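Here are some notes to read beside the model, written for someone in a first year of study. Please keep the structure open and find each place as it comes up.

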Amino acid sequence: MDVKPKVNGDLKDDEDNRRPAAIDGPTNPMVTPLLTDLYQFTMAYAYWKAGKHNERAVFDLYFRRNPFGGEYTVFAGLEECIRFIANFKFSKEEIAFVRESLSPTCEDGFFDYLEGIDCSDVEVYAITEGSVVFPKVPLMRVEGPVAVVQLLETPYVNLINYASLVTTNAARHRFVAGKSKVLLEFGLRRAQGPDGGIGASKYCYMGGFDATSNCAAGRLFGIPLRGTHSHAFVSSFMGTDEIIQKSLRSHDGSSVCQDFVSVVHTWLSKLKRLSILKGVFGETNQSELAAFISYALAFPDNFLALVDTYDVMRSGIPNFCAVALALNDMGYKARGIRLDSGDLAYLSCETRKFFQTVEKEFGVPDFGKTGITASNDLNEETLDALNKQGHEVDAFGIGTNLVTCYAQAALGCVFKLVEINNQPRIKLSEDVSKVSIPCKKRSFRLYGKEGYPLLDIMSGENERPPKVGERILCRHPFNESKRAYVVPQRVEELMKCYWPGNTDEKREELPTLKQNRERCISQLEQMRPDHMRRLNPTPYKVSVTAKLYDFIHFLWLNEAPVGELQ
C-alpha cells in the first residue's frame, strides 16, 4: 500500500472525519428504508413534485413528558439510528414496492430520485447515549434535504422510543433495588416478539441490570448470561434411584467421590438431627432431592437450585443445603437458591437464618452468606415493598413488568420541523405542551455548587453560550412568570456530532454498550435525590435563554391567526 505524504496536516484524517468509515447495519435486518409510514413517501413525492425536496431542513427529535410518573428519562437507541443512516439505501425491489403503493399518477422521475438518495448530505447531532435527559430538550437534531430527512422520521422515532423507555424502566428498578443487589433480566418469553426481547435485554443492561437470560442477546452484545433450571426440571425426577452416574471429581482434581448421592443423604440426616432445626422440616421431597443432586453433578461449580416446587422451608432449603454441603466436601461452593413464589420477604429471611445455622453448627465458612435470588412478577412496587418489610434477597430476576414496560406503553417521542431554508418554523396547538420550540438550537446542562445539575437550557444556534461564573437568566419556554437567574459552576454542552454528512465536523465515535451502561449509572448518580425519588419527585427545570424566549413568542404571535368577533 502506498503511503501518502501529509500536506498541511494529515488530509486523510480530515477526510475520515467527514466521511466516516463503514458502519455495520442495524441489529435488526427489518430496519430498512421501508420501515416507515406511507405518508412519509407521499410527502416525499409532494416535496419532489413541488421542487422542494432538496431544501435544507432541521428537525428535532424529543419527548414531551417523562415516563412512569418520574422526572427523568435515559436516552437510548442512538447507535441503531446511526447504523441505519450509515446504510440508508433503497433497493430496486423496495422502490418497486413503493411504486406499487403510491398513486399511478406519480411520475417515474420520483422513483429515479429514490434510487439515487442516501444520507451523505444529512447531519445528525445528538446527546450521548446513556445520558439522563428531560422533556422538550432535543435528543437528536437531524439536518438535511427535507425529503430525505422526512423519510428518517418514523424509523428514528421507532428506534428511540422503546429503547429509551425500557432503559428508563431498568434504571428505575435499579434505583429502587439499590446498588448492592444483582439485577437479572428474565423477560424474553414475555417480551413483545423477538425484537422486543432482544432490545429489552440490550437496553436493560444499559439501564443498570447485571445480566440476562437471553442467549441471543448475550451473543450479540456481550451481556453476561445467567440461568439455572425451572420447576419442570425438578418435577421431572421421581427419586434418587434414577441417578445412574453418581461420581464427582473434587474441585482440585485430586480425588473422586464414587457415590455422591450417599454423601448427600448423610448430610441430610445430619441436618435432621440438629436440635435447633427440629420442627422446621421432617421428610423432604425425594424427587426434588434427586433433581438437585443431578444438577449439582452436572454443574458442581455453578449450583443454584429453585427451591419452591414443593415446599420451601420443609423441603427445598434442607435438600439444597444437603447437596451444597456435599459439594463443599469436594471443594465446591454452591451459588445459592431461587425463590419464585410465596412471601419473598419472609421466606428469604427464614432461608438466611437456616444458612446461618448451618454455618454455625457445621463450621462451614460463609455458608450463611449463600446467595438468595427472588423472581415472580417483580416490579418497582414489589421491590419497594420488600425494602420496607425487610428481606435477605441478594439478586432479583425481573421479567414481564420490566421488558413490556407494563406501567407505561410508550415514551411518546416526536419529530418536529424547526427550521427550513434558514427560516425558523413553529408548530402551534391549543395544548401548550404540544407547541414546538423553533429554530436550530444548542442545549446546555448547568451545574451548581454541590455538583448536581440545576437545569437544562436551550439557546439559539448563534447565541453566546453560558459561561462558568456568569449569571444567566433562564426562562420557562411558555410560562412568563417562571424564570430564575443561575450562576453555573460547570457548563456541559449536550449535543455532539454523530453523523457529519458533507461538513467538516468531527464525528463522535459511538460508545460501546458497556460504556453507555457506565455513563447511565454515572449520570443517575449525579442527579439530585429529590429528582430521583419514586413518589412525588421534584420536577427538573428545562428552560430557554431570554433571547430564545422572546423569539418563540414573537413567532407564535406572527403565525397564530387572529380571530374576529361579530
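**Notes on the predicted model**

1. Of the 566 residues that make up the chain, 53% count as buried. Please keep in mind while reading that this is a predicted model, and that the values below are computed from it.

2. The overall picture comes next. The chain is built with 18 helices and 22 strands, and its C-alpha atoms fill a box of roughly 90 × 65 × 55 Å when this is taken along the principal axes. The area that the chain exposes is about 26700 Å², of which carbon and sulfur atoms supply 50%. If we take the contacts between residues at least 6 apart in sequence, 74% of them join residues at least 24 apart.

3. One helix deserves a careful look. Helix α6 runs over residues 146–177, which gives it 32 residues, and from its first C-alpha to its last it reaches 46 Å, close to the 46 Å expected at 1.5 Å a residue. Within α6 there is nevertheless a kink of about 35 degrees at Glu-153, and this kink lies shortly before the proline Pro-155. Just after α6 comes Gly-178, a residue that takes a positive phi of about 100 degrees.

4. Why can α6 be described as largely enclosed by the rest of the structure? The reason is that 29 of its 32 residues are buried, so the rest of the structure largely encloses this helix.

5. The aromatic rings can be taken together. The count comes to 22 aromatic pairs. In the pair of Phe-233 and Phe-237 the ring centres are 5.2 Å apart and the planes stand at 65 degrees, so the pair is edge-to-face, because planes over 60 degrees apart count as edge-to-face. Phe-233 has a relative accessible area of 26% and is therefore partly exposed, whereas Phe-237, with a relative accessible area of 14%, is buried. The cut-off that this reasoning needs is that buried means under 20% relative accessible area.

6. A group of rings is also worth finding in the model: Phe-41, Phe-84, Phe-88, Phe-90 and Tyr-156 form one aromatic cluster.

7. Finally, please look at two arginines and the rings beneath them. Arg-141 lies over the face of Tyr-125, at 4.4 Å from the ring centre, and Arg-490 lies over the face of Tyr-447, at 3.8 Å from the ring centre.

Conventions. Residues are numbered from 1 along each chain as its sequence is written. This is a predicted model: local features need pLDDT of at least 70, side-chain atom pairs count only at pLDDT 80 or more; totals for chains, interfaces and linings use all residues. Side-chain values use heavy atoms; hydrogens and water are left out. Helices (H or I, at least four residues) and strands (E, at least two) are DSSP runs, numbered from the N terminus. The expected span of a helix is 1.5 Å times one less than its number of residues. The bend at a residue is the angle between axes fitted to the seven residues ending there and the seven starting there. Buried means under 20% relative accessible area, exposed over 50%, partly exposed in between (1.4 Å probe, protein chains only). Rings of Phe, Tyr and Trp (its six-membered ring) pair if their centres lie within 6.5 Å; planes under 30 degrees apart count as stacked, over 60 as edge-to-face and the rest as tilted. A charge sits over a ring if NZ of Lys or CZ of Arg is within 6 Å of the ring centre and within 35 degrees of the ring normal. Contact means heavy atoms within 4.5 Å. Accessible areas come from the Shrake-Rupley method with a 1.4 Å probe; for residues, only the protein chains shown count as cover.
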